[in-house]
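Trainee: Could you take me through one part of this protein slowly? I'd like to see how the aromatic rings sit and what lies around them.

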Amino acid sequence: MNTPSPARLFDVLDATWPAARVIQLGPWKLRQGNGGGQRVSATTVEGHFTEADISSAEDAMRDMNQRPLFMLRDTDMSLDHLLDARGYEVVDPVSVYLSPIENLTAKLPLTAAMPSWPPLAIQLEIWGAGGIGPARLAVMDRCDRPKTSIVGRTGDVPAGTAFAALDGDIAMVHAIEVHPEMRRHGVGRHLIQASANWAFEQSGAWLSLAVTRANGPANDLYRALGLEDVARYHYRRMPEPRS
């Protein structure tokens, strides 16, 4: 079983957490997010570009009523340097984790975590409390791949939620949220394992997820579960104009 390449994982990110609209403009892939967050609003470079092309991308993002934002992968360092010279700030360095699904599946207590689609009202409340509101829920709705949400419990109390979708044989887990008062009770672990169980039943072979590197507890959990940090990216955002 060949390990998916970073390029393949970035394609899965796009497929399982899709932008409202994608526009190809010369060397750029522009994403219109409709308020759904950075991942669905960032522009990536897909070919040879010039500095003049950067200005064209900036204009196109402004036309979408979006502040210019670029996503930079390890292969995009020349663009990264040019954006740095233009005053762009680094935002949210991210790690992409990966593991064979068979390493994450587990026999869970019946009520610990289970699939649910559409999400339950309590899941929407947990997401909302964590800042995942209607615009991000719309991202889940428009995903056209096999998908589910996962509801996790501590005892009989709903405590966490996540969204998972499958592109080919790779499952990607998004929007993992655990109620603050329920953390450190194994809910996050159960959400990942239940996502793996669901994906395994859908004939998935790999499970992946992306998390900001500043989120120490989440990174520690994923490494403890055996997921490997296999790709990285960050954003460059145009600074706010000075008043």
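**Aromatic rings and their surroundings**

Mentor: Let's start with two rings: Trp28 and Phe70 are both buried. Keep in mind that this is a predicted model. Trp28 and Phe70 make an edge-to-face aromatic pair, with 5.5 Å from centre to centre and 65° between the planes. The angle is what earns the name, because planes over 60 degrees apart count as edge-to-face. Trp28 belongs to strand E2 and Phe70 to strand E4, so this pair ties together parts that are 42 residues apart in sequence. The two rings have company, too: ring pairs link Trp28, Phe49, Phe70 and Tyr88 into a cluster.

Now step back to the strand that carries Trp28. Strand E2 covers residues 28-32, and two bridges join E2 to E3, with the two running antiparallel. Along the way, Lys29 stands opposite Thr44 in E3. Add one strand and you have an open sheet of three, ordered E1-E2-E3, with antiparallel pairing. Strand E1 (21-25) and strand E3 (44-45) are at the edges with a single partner strand each, so one side of each has no neighbour in the sheet. If you're wondering what holds such things together, strands of a sheet pair through backbone hydrogen bonds.

Back to the rings: the count comes to eight aromatic pairs. Another one is Phe10 with Tyr233, whose ring centres are 5.9 Å apart and whose planes meet at 75°, so this pair is edge-to-face. Phe10 sits in helix H1 and Tyr233 in strand E11, so the pair ties together parts that are 223 residues apart in sequence. Phe10 and Tyr233 are buried as well.

Here's where these pieces come together: the second largest pocket, with a volume of about 290 Å³. It has 19 lining residues, and those closest to its centre are Pro6, Ala7, Phe10, Asp11 and Arg73. So you meet Phe10 again, this time in a pocket lining. Helix H1 (6-16), E2, E3, strand E4 (69-73) and E11 are the elements that give two or more residues to this lining. The largest share, six residues, comes from H1. What kinds of residues make up the lining of the second largest pocket? They divide into seven nonpolar, two polar and 10 charged.

To tie it up, E2 holds Trp28 and E4 holds Phe70, while H1 holds Phe10 and E11 holds Tyr233. Those four elements are among the ones that give two or more residues to the lining of the second largest pocket.

Conventions:
Residues numbered from 1 in each chain as written. Predicted model: local features only at pLDDT ≥ 70, side-chain atom pairs only at ≥ 80, totals over all residues. Heavy atoms only, no water. Pairing = 2+ DSSP bridges. 1 Å grid on protein atoms, 1.4 Å probe; cavity = no way out; pocket = protein on both sides within 12 Å on 5 of 7 lines; lining within 4 Å. Points joined across faces, edges and corners; volume = space filled by probe spheres on them. Nonpolar A, V, L, I, M, F, W, Y, C, P; charged D, E, K, R; others polar. Phe/Tyr/Trp six-rings, centres within 6.5 Å; stacked < 30°, edge-to-face > 60°. Buried < 20%, exposed > 50% of the residue type's maximum accessible area, 1.4 Å probe, protein only.
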